[in-house]
Amino acid sequence: MTSDDLTRLTITDASRLLRLGSISSADLVTAHVERIERLDKHVNAFLRFTPELWEKQAEEADRRIRQGDAPALAGIPLAIKDVLCVRGVETTAGSQILRGFKPPYTGTAVARLFEAGAVMLGVTNCDEFAMGSSTENSGYFPTRNPWDLERVPGGSSGGSAAAVASGEAIIALGTDTGGSIRQPAALCGVVGMKPTYGRVSRYGLIAFASSLDQIGPFARSVDDVAIVLSLMSGLDPLDATSSDRPGMEVLNNFGAGVKGMRLGVPREYYDVKGIEPGVKAAIDAALFILRQAGAEIVDVSLPHTDYGLAAYYIIAPAECSSNLARFDGVRYGLSEVDAPNITEEYQRTRRKGFGTEVRRRVMLGTYALSSGYYDAYYLKAQKVRPLIKRDFDQAFQKCDAIVSATSPTVAFPIGAKTQDPLSMYLCDVLTLGGNLAGLPGISVPCGTSDGLPVGLQVLGPQWGENVVLRVARAYEQASEMKAEVAAPSPLRGEG
Amino acid sequence: MDWEIVIGMEVHVQPKTRSKMFCGCSIAGLNEPPNSHVCEICLGMPGVLPVPNKAAVEACITCIKTALALNCEIPQHTKFDRKNYMYPDLPKGYQISQYDLPMSVNGYLEVGAGKVRIRRVHLEVDTGKLVHAGDKLHKAWESYVDLNRAGVPLMEIVSEPDLRSADEARDYAMELRSLLRTIGASEADMEKGQLRAEPNISIRRVGSSELGVKTELKNINSFRALHRAILYEVDRQQQALESGGEVVQETRGWSETEQRTFSQRSKEFAEDYRYFPEPDIPPLQLDRAWIEELRRALPELPSVRRARLLDQLPPAQVAVIGADRDLSDVYETAVAKGAPTLATANWIVNEIAPTGKLMSGQYLAELIDLLQQGAVTRDQAREVHLESVETGRTPAEIVAEHGYSQVSDPSELRVLAEAVIDANPKAAADYRGGKKQAMQALMADLRKRAPQANPKVANELLLKLLA
């Protein structure tokens, strides 16, 4: 088995090899590090690496494997989005304003994966404070799509998606506020899942929009995503919004197949404005396969979809304007202390530390919450939210899960949308409803359009992760559409 | 035409809790080093979340008890909101407070003159504090941030503008303190910052129904300062208006050293707090039955107790004893043990209230009894009191041990009285010569020689011997 073969494994395969003693965790890490060394100068998935951690964790994993008490993820290489705090590891939310910030604590989701034996390779790039759909808003550099280096990987968790897609990590963590896991998973041809709001503790997640943010996994198979999600779910005393439902329930019955299930296709999603014909064709093919596998495809409607986008782009910036107020240069991160007074110090620190998109959203959110505009914007947006929820509730009366494209388009060229924020915002139109309603959703690869990956989104009712995973897994099996490891163009032919 | 004073009060009270409300940090004492009671949560570090803890539950219970004692309505749903503004003592850039669904609304407090309406009582967290040279942050050369207080729970009690004088405002604040102590909500010590009263003051022509432009006063650390600050501010506003000027809506600080108010923050650039629901803390449902349980468990409130005391005592004594839960408890226990009302009340007013040397009602009853029997002099009783408070022993034990016991037998005292006259020939001669006040010197000497002598009997003996 070549070193590169080791970077194509799923958790299930790698764990078997580790337990058999065919490979060690150290081998697995070395293979990934070598691949990163060759590839990542092109892909730019990672912002920084954590060799001290991977050495220590791989050694520990090998010890536990030898002792025969290896936990579920023992030795599995993991990449972590730059918004998730890891004790002693520089964590910057893709922003210059937090450059050099090393949190003295590890977030709950990450800590649980560490306990399960995962080995952290490094920190992945993202849009600054997770605001964006292309990873071009990173305060450091853009990440490139491993399938076509001239294109974006999606965002905001573009680094994590690209790392998994290019074989630089077996699993990765991202966060999803409006589609930031599912959309890059679709654009990079991997599996990515956003759980029900409250399923995974947000402790340690540098907040963008607190009522929408959820942490979720990326992997190259539905099974892997399910395992990782089950391990990081469950009540956390450090997050008052985390649910006490048992994490393992996400696995209930998820291998049962779709026979007899009713899958709803919302017409507002199916015919969404701007959907590319190639994407639509891939979705049609996926619906055909699901029907072949025994599912009944039914029409449903989500009539408030249009309002959802507008409401999202008020609620998310409103919360972000408040969440980002703490970055004032007084206690940590960038600090322009030479200013003549405190107001000037705030202004200089934030002007220098925040990028354009973050400043835009802070201003949008501040405006939407300001007296005189509050009723017309924030309040109205909050009234839309229950309507979106009701749309889904009514749809789930008629179906077990909802299927659609994850993104109306395939990966677009770098720079194509940076001058037009509205066109960038439209990338989230099919995903953000799940955030507003707090529902679980997954994106699984469903073929290509012009050689670029297309993602199939499955949305389920609240706490219905097992339903979502069941549909996604059934599709994966029936279509034999495994997530592939991309060979970025400069390396094609190298294997 | 005369001016009418209109005052509304915002009072912040720190409920007794074991820790801060959303993290485990303990509550720092006044003189503890800056930033010695902080953690990643109250420092507002990235990625951490406020989680309501046991202290938050305690604070909620205290807030609801306070609201019930203030006759407020308690809604079924309440929630926390973010109050957004940037200031270096506010680590997250927003304060967790309550906006449109506070824990209680529409109550009242009975104060001397009548009912003062309470608009709301809600819960929030305190900010940190800044230490800097000068009054204003913008002019300070260097400023230091101390976040020991950041995250400490606070109740905010907001009154309607129903107060009409500095006296009424002070009485309101004192009554509130008394109520808070009675229900065990807070020590409510102003000097320790556990009770912060911020009067909103405006004046208007008598007969006018419109409110004038108001100013809000801060940095008030005692009831005396509250009274003085209001008098000063009313006078300042009056002078401004009478000289053709105007009152600017602003926050003004009270300077204790200069005994004046000074402009702190103009409300021309009124802060827009951009309140919205705190997404990190789920809303609360308040169970009706539980609220009724809290209501039933409330102790007797000061106004009710005062009414009862007035049946037994003159208003002057009630004013002192009725204002303090501990004093009322001591009084009522002592009286229940058979102590006479007025003598007990006077002892409390003169000996306990000024010194704070609280003794149990049972011991006080014993002490008053010893005093009334003539077993001890008043001076001795004071000493017995202090010693009992210090050692916890009963007054009777102490009297027995010290051999205190008044000597009232005239035959024994006669020898003493003669000795005093012999030792003070000049005073004796003066008295005989008509200077009646010379008796004081003789009595003083007598008490010095024999503290246990019954002064009344001794005095009669001296008068007889010198006649």
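The following questions and answers walk through a predicted model of two chains, A and B.

Visitor: What kind of model is this, and which pLDDT do local features need?
Guide: Residues are numbered from 1 along each chain as its sequence is written, and chains are lettered from A and ligands numbered from 1 in the order in which they are written. The model is predicted, side-chain atom pairs count only at pLDDT 80 or more, totals for chains, interfaces and linings use all residues, and local features need pLDDT of at least 70.

Visitor: Which strands of chain A are the edge strands of the open sheet?
Guide: Strands, like helices, are DSSP runs numbered from the N terminus (helices H or I, at least four residues; strands E, at least two), and two strands pair if DSSP finds at least two bridges between them. Eleven strands of chain A form an open sheet with mixed pairing, in the order β1-β3-β2-β4-β6-β5-β10-β11-β9-β7-β8. The strands that pair on one side only are β1 (46-49) and β8 (296-300) of chain A.

Visitor: What does the twist average from one strand to the next?
Guide: Angles here run from 0 to 180 degrees between N-to-C directions, and axes are lines fitted to C-alpha atoms, for helices over the stretch in contact. From one strand to the next, the twist averages 30°.

Visitor: Do β4 and β6 of chain A run parallel or antiparallel?
Guide: Strand β4 (residues 171-176) of chain A is joined to strand β6 (residues 214-219) of chain A by five bridges. A:Ala172 stands opposite A:Phe218 in β6(A). The two strands run antiparallel.

Visitor: In β9(A), which residue is the bridge partner of A:Leu263?
Guide: β7(A) is joined to β8(A) by five bridges, and the two run parallel; there A:Pro266 stands opposite A:Val300. β7(A) also runs parallel to β9(A), with two bridges between them. The partner of A:Leu263 in β9(A) is A:Ala401.

Visitor: Where do helices α7 and α16 of chain A stand to each other, roughly parallel or roughly antiparallel?
Guide: Helix α7 (residues 222-232) of chain A and helix α16 (residues 465-479) of chain A have axes 9 Å apart and pack at an angle of about 160°. Angles under 35 degrees count as roughly parallel, over 145 as roughly antiparallel, 65 to 115 as roughly perpendicular and the rest as oblique. Therefore α7(A) is, relative to α16(A), roughly antiparallel.

Visitor: How many charged residues are in the contact of α7(A) with α16(A)?
Guide: Two residues are in contact if their C-beta atoms, placed from the backbone, lie within 7 Å. A:Val222, A:Asp223, A:Ala226 and A:Leu229 in α7(A) meet A:Glu465, A:Leu469, A:Ala472, A:Arg473 and A:Glu476 in α16(A). Ala, Val, Leu, Ile, Met, Phe, Trp, Tyr, Cys and Pro count as nonpolar, Asp, Glu, Lys and Arg as charged, and the others, Gly among them, as polar. By these classes the contact has five nonpolar residues, no polar ones, and charged residues numbering four.

Visitor: How many residues of domain 2 of chain A are in contact with domain 1 of chain A?
Guide: Chain A is divided into domain 1 (5-256 + 460-491) and domain 2 (305-380), with bounds from an automatic or database domain assignment. Their centres, taken over C-alpha atoms, are 28 Å apart. Domain 1 of chain A brings 20 residues to the contact, and domain 2 of chain A brings 17.

Visitor: Which helix gives the largest share of the side of domain 1 of chain B that touches domain 2 of chain B?
Guide: Chain B is divided into domain 1 (3-290), domain 2 (300-402) and domain 3 (410-466). Eight residues of domain 1 of chain B are in contact with six residues of domain 2 of chain B. The largest share of the domain 1 side, six residues, comes from helix α2 (residues 166-182) of chain B.

Visitor: Are α1(B) and α4(B) roughly parallel or roughly perpendicular to each other?
Guide: Helix α1 (residues 54-69) of chain B and helix α4 (residues 288-297) of chain B have axes that come within 10 Å and cross at roughly 65°. The two helices are therefore roughly perpendicular.

Visitor: How many residues does the contact between the chains take from chain A?
Guide: Chain B gives 28 residues to the contact. On the side of chain B that touches chain A, 17 are nonpolar, five polar and six charged. The number taken from chain A is 35.
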